[in-house]
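Visitor: I'm new to looking at protein models. Could you walk me through where the ligand sits?

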Amino acid sequence: MSGQPIVWLNGGFVPLAEACVPVLDRGFLLGDGVYEVIPAYGGRLFRLEAHLRRLEHSLEATRIPFPFTPREWRELLEELIGRNGGSDLSIYLQVTRGAAAHRDHAFPEGVEPTVFAMATPIRPLPRRWLEEGISAVVLDDIRWERCDIKSISLLANVLLRQQALDADAQEAILVRDGQATEGAASNLFMVIDATVITPPKGHLLLPGITRDLVLELAEEGGMAVAERPIEARELATADEIWVTSSTRRVLAVTRLDGRPVGEGRPGPLWTRIHAAYAAHVGRLRTEEPS
Ligand code: PDD
């Protein structure tokens with residue numbers, strides 16, 4: 001791509017530097033909005049329907065009107081990809097409740113949601129993360145109780161991720177009432193006795209799109225799979241720990257709180273899942289456009 005990124009804002013495509021929202025936008029003042037991060041590989045949107053279903057869930061839960069039909073979203077996002085040179089892009093889209101005339105917690109009347117979408121090149125993951133795995137720390141989950149909503153109010157996630165980085169770790173694994181739920185910006189998997197385990201969906205974690213794919217790939221690969229709560233103390237006995245997200249795909253956590261996980265390097269099931277994931281993305285790249 002040459003030139004400036006082109007973004008979508010409230011009904012039109014504009015160069016990034018020209019995209020402005022009013023300071024009274026409730027996303028800016030109150031964090032009153034929701035978002036999605038959708039990868040595109042070879043210009044093809046990854047699991048768009050699932051991302052849009054989750055967006056609809058977030059919008060319904062926050063009572064923000066759904067601005068587009070799924071078909072309109074697809075057209076908009078495909079055009080955004082085209083205008084930004086196709087290939088491997090991460091789509092960020094955000095819908096806020098809009099800009100009202102005054103700052104007030106109560107929902108304003110007659111305000112249109114603000115819709116913003118941008119596409120940025122997907123950067124390759126550091127080779128070291130794939131070869132050696134990443135470090136994580138276990139932290140108390142200080143977030144609210146609707147973690148199933150992909151809310152732009154991310155202050156707790158931001159603080160938790162930074163606390164991990166400050167401890168020379170790449171992710172925080174969050175614990176609430178003795179149970180490990182997910183990462184600061186990822187879902188959590190653990191392997192014990194060759195069974196791939198991840199906590200069930202619910203209001204204390206985000207229903208990750210990558211999580212679902214990893215579960216599918218594990219089952220297709222003949223692995224034993226269980227969706228059940230993970231006790232925080234079980235993490236110390238795990239043979240493997242993985243975290244998943246649209247941006248980080250599936251990464252092995254090989255050090256937890258400074259101690260090795262299993263043998264301290266990416267485990268055999270991670271190696272298989274990672275290869276299956278790469279093959280899946282490879283197929284998406286060469287698929288006929290829908
Ligand atoms: N975050 N849990 C949390 C708290 C997350 O923020 C994310 C992703 C996930 C994984 O969901 P998915 O597989 O659908 O990306 C789980 C995105 C990438 C972000 O905030 O940038």
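Visitor: Which pocket does the ligand take up?
Guide: Happy to help, and keep in mind that this is a predicted model. Look for the space taken by the ligand, and you have found the answer: it is the largest pocket.

Visitor: Why does the ligand lie between two parts of the protein, and which parts are they?
Guide: Check who gives residues to the shell around the ligand. Both domains do, so the ligand lies between them: domain 1 (6-121) and domain 2 (127-284).

Visitor: Which helix supplies at least two residues of that shell?
Guide: Four elements each supply at least two residues. Three of the names, β3 (33-41), β9 (179-183) and β14 (240-245), are strands. That leaves the helix, α6 (209-220).

Visitor: How many residues of the shell are charged?
Guide: In total, 20 residues surround the ligand, and Glu182 and Ser246 are among the closest. They divide into 6 nonpolar and 10 polar, and the charged ones number 4.

Visitor: What is the distance from a ligand oxygen atom to an N or O atom in the side chain of Thr210?
Guide: Polar contacts here are N or O pairs within 3.5 Å. For the side chain of Tyr35 the distance is 2.6 Å, and for that of Arg54 it is 2.8 Å. For the side chain of Thr210, it is 2.5 Å.

Visitor: How much of the ligand's accessible area does the protein cover?
Guide: On its own, the ligand has 480 Å² of accessible area. Of this, the protein covers 89%.

Notes:
Residues numbered from 1 in each chain as written. Predicted model: local features only at pLDDT ≥ 70, side-chain atom pairs only at ≥ 80, totals over all residues. Heavy atoms only, no water. Near = heavy atom within 4 Å. Polar contact = N/O pair within 3.5 Å; in protein donor to acceptor, adjacent residues only side chain to side chain. Areas by Shrake-Rupley, 256 points an atom, 1.4 Å probe, with all protein chains shown as cover. 1 Å grid on protein atoms, 1.4 Å probe; cavity = no way out; pocket = protein on both sides within 12 Å on 5 of 7 lines; lining within 4 Å. Sits in = over half its atoms within 2 Å of the grid points. Nonpolar A, V, L, I, M, F, W, Y, C, P; charged D, E, K, R; others polar. Domains from an automatic or database assignment.
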